Amino acid sequence: MIILKAISKSYGAVTAVKRVDLAVPGGCIYGIIGRSGAGKSSLLRVMSLLETPDTGEVYYNDQRVDTLRGRALLEQRRKMGMIFQNFNLLGSRNAAGNIAYPLEIAGLTRKQIEKRLDELLELVDIADKRKARLRELSGGQKQRVAIARALAANPEVLFCDEATSSLDPQTTRSILALIRDLQQRLKITVVLITHQMEVIREICHEVAVLDEGIIVERGSVTEVFESPQAAATREMIHA
Ligand SMILES: Nc1ncnc2c1ncn2[C@@H]1O[C@H](COP(=O)(O)OP(=O)(O)OP(=O)(O)O)[C@@H](O)[C@H]1O
Ligand SMILES: [Mg+2]
């Protein structure tokens, strides 16, 4: 369970997130949708402890985490994996090298890393791409490498920031199916931000609609789709 209480975040004169309250139940796929500039990435960076909020509190399983620093913060962050639209992979490393990176940082031995690599490559279904250079991989395969890297240290939460926005519709579906499958098999919580309504419809259980830094609507995906209340939600559904 992740809880945000009255989170605000400004960048200079721009207030990206305005006193947002949010509760993400454990073991669900929670979608946050909003148009460009709505504050989705800013909110996710606070939730994933990459940035500290200006006001408000972040709780994981009843423990306050936004105030953690140093080693305690690193340990908390190890419980979270993250994937992005542009994959954020290391061009100097091949597929296996990218996935191994967090395991090397965590201090695993070469033998432990190789064993975990076998599992992870299998998990995201790219065992045949182990030694592939990044330029030899399709966008979908790169995202699979990024997912394997994000899951390498067995996180409890996977954050996805527009993870399918640069992929074609068919690849998007296969990556979403993979995320759904992993969520069920590994019993993780997934927080997914997107500007694509079909992504929410395809895999999310619950959704919050963010507009100009404020959550204007939230609920089960069925509910929100069947009777959208906020103007921003209707706009996203009919876009
Ligand atoms: N590091 C930053 N420095 C200055 N302004 C920022 C920074 N990050 C975000 N902003 C501003 O905060 C607002 C929200 O940005 P954010 O990236 O969170 O939106 P978003 O919903 O993720 O948009 P998109 O869908 O385009 O990714 C925008 O006005 C943006 O310009
Ligand atoms: Mg963004």
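## A walk through the model, starting at the end of α4

Start by selecting Asp-125, the residue with a positive phi, near 65°, that follows α4. Keep in mind during the tour that this is a predicted model. Asp-125 is not a glycine, yet its phi is positive, at about 65°. In general, most residues other than glycine have a negative phi. On either side of the loop that holds Asp-125 are α4 and α5. Is Asp-125 buried, partly exposed or exposed? Asp-125 has 14 other C-beta atoms within 10 Å, so it counts as partly exposed.

**Next, select residues 110–123.** This is helix α4, with 14 residues. From first C-alpha to last, α4 reaches 20 Å, close to the 20 Å expected at 1.5 Å a residue. Now colour Arg-116, Leu-117, Leu-120 and Leu-121, the buried residues of α4. Look down the axis of α4: these buried residues fall within an arc of 135°, so they line one face of the helix. Use a second colour for Lys-111, Gln-112, Lys-115, Glu-119 and Glu-122, which are exposed on the other side of α4. To see what covers the buried residues of α4, show α3 (95–105) and α5 (139–151), which are included in that cover.

**Step back to Leu-108.** Leu-108 sits in the loop between α3 and α4. There are 17 other C-beta atoms within 10 Å of Leu-108, so this residue is partly exposed. Setting aside neighbours within four places in sequence, you will find Leu-108 in contact with Leu-103 and Ile-113.

**Now go to the core.** Select Ile-99, Ala-148, Cys-160, Val-190 and Val-191 together. Those are the residues with the most contacts inside the largest nonpolar core, which has 66 residues. Which helix gives the largest share of this core? The largest share comes from α5, with 6 residues. As background, nonpolar side chains tend to be buried together in soluble globular proteins. For a closer view, centre on Cys-160: not counting residues up to four places away in sequence, Cys-160 touches Ile-83, Ile-179, Val-190, Leu-192 and Ile-193.

**Move on to Lys-187.** This residue lies in the loop between α6 (169–186) and β8 (189–194). Lys-187 is another non-glycine residue with a positive phi, here near 55°. Lys-187 has 10 C-beta neighbours inside 10 Å and therefore counts as exposed.

**From Lys-187, find Gly-27.** Leaving out neighbours within four places in sequence, Gly-27 is in contact with Lys-187 and Thr-189. Gly-27 belongs to the loop between β2 and β3. With 14 other C-beta atoms within 10 Å, Gly-27 is partly exposed. Try the distance tool on Gly-27 and Met-1: they are 26 residues apart in sequence, and 8.2 Å separates their C-alpha atoms in space.

**Then show ligand 1.** The residues around ligand 1 are Tyr-11, Val-14, Ala-16, Gly-34, Ser-36, Gly-37, Ala-38, Gly-39, Lys-40, Ser-41, Ser-42 and His-195. Colour this shell by residue type and you get 4 nonpolar, 7 polar and 1 charged. Two elements worth showing are β2 (14–24) and α1 (40–47), each of which supplies at least two residues of the shell. The largest share of the shell, 3 residues, belongs to α1.

**Stay with one of the shell residues, Gly-39.** Gly-39 is found in the loop between β3 and α1. Gly-39 has 24 C-beta neighbours inside 10 Å and so counts as buried. Beyond neighbours within four places in sequence, Gly-39 is in contact with Ala-16, Val-17, Gly-34, Leu-210 and Gly-213. For a longer view across the model, pick Gly-39 and Asn-98: they are 59 residues apart in sequence and 29 Å apart in space, C-alpha to C-alpha.

**Last stop: residues 231–238.** This is helix α9, whose buried residues are Ala-232, Thr-233 and Met-236. Turn the view down the axis of α9 and those residues fall within an arc of 100°, so they line one face of the helix. Ala-231 and His-238 are exposed on the face turned away from the buried side of α9. Finally, display what covers the buried residues of α9, which includes β3 (29–33), α7 (197–203), β9 (206–211), β10 (214–220) and α8 (221–226).

Note on methods
Residues are numbered from 1 along each chain as its sequence is written. Chains are lettered from A and ligands numbered from 1 in the order in which they are written. This is a predicted model: local features need pLDDT of at least 70, side-chain atom pairs count only at pLDDT 80 or more; totals for chains, interfaces and linings use all residues. A residue is near a molecule or strand if its C-beta atom, placed from the backbone, lies within 6 Å of it. Helices (H or I, at least four residues) and strands (E, at least two) are DSSP runs, numbered from the N terminus. Ala, Val, Leu, Ile, Met, Phe, Trp, Tyr, Cys and Pro count as nonpolar, Asp, Glu, Lys and Arg as charged, and the others, Gly among them, as polar. The expected span of a helix is 1.5 Å times one less than its number of residues. A residue is buried if 20 or more other C-beta atoms lie within 10 Å of its own, exposed if 12 or fewer, and partly exposed in between; C-beta atoms are placed from the backbone. The arc is that of the directions from the helix axis to the C-beta atoms. Two residues are in contact if their C-beta atoms, placed from the backbone, lie within 7 Å. A nonpolar core is a set of buried Ala, Val, Leu, Ile, Met, Phe, Trp, Tyr and Cys residues joined through C-beta atoms within 7 Å.
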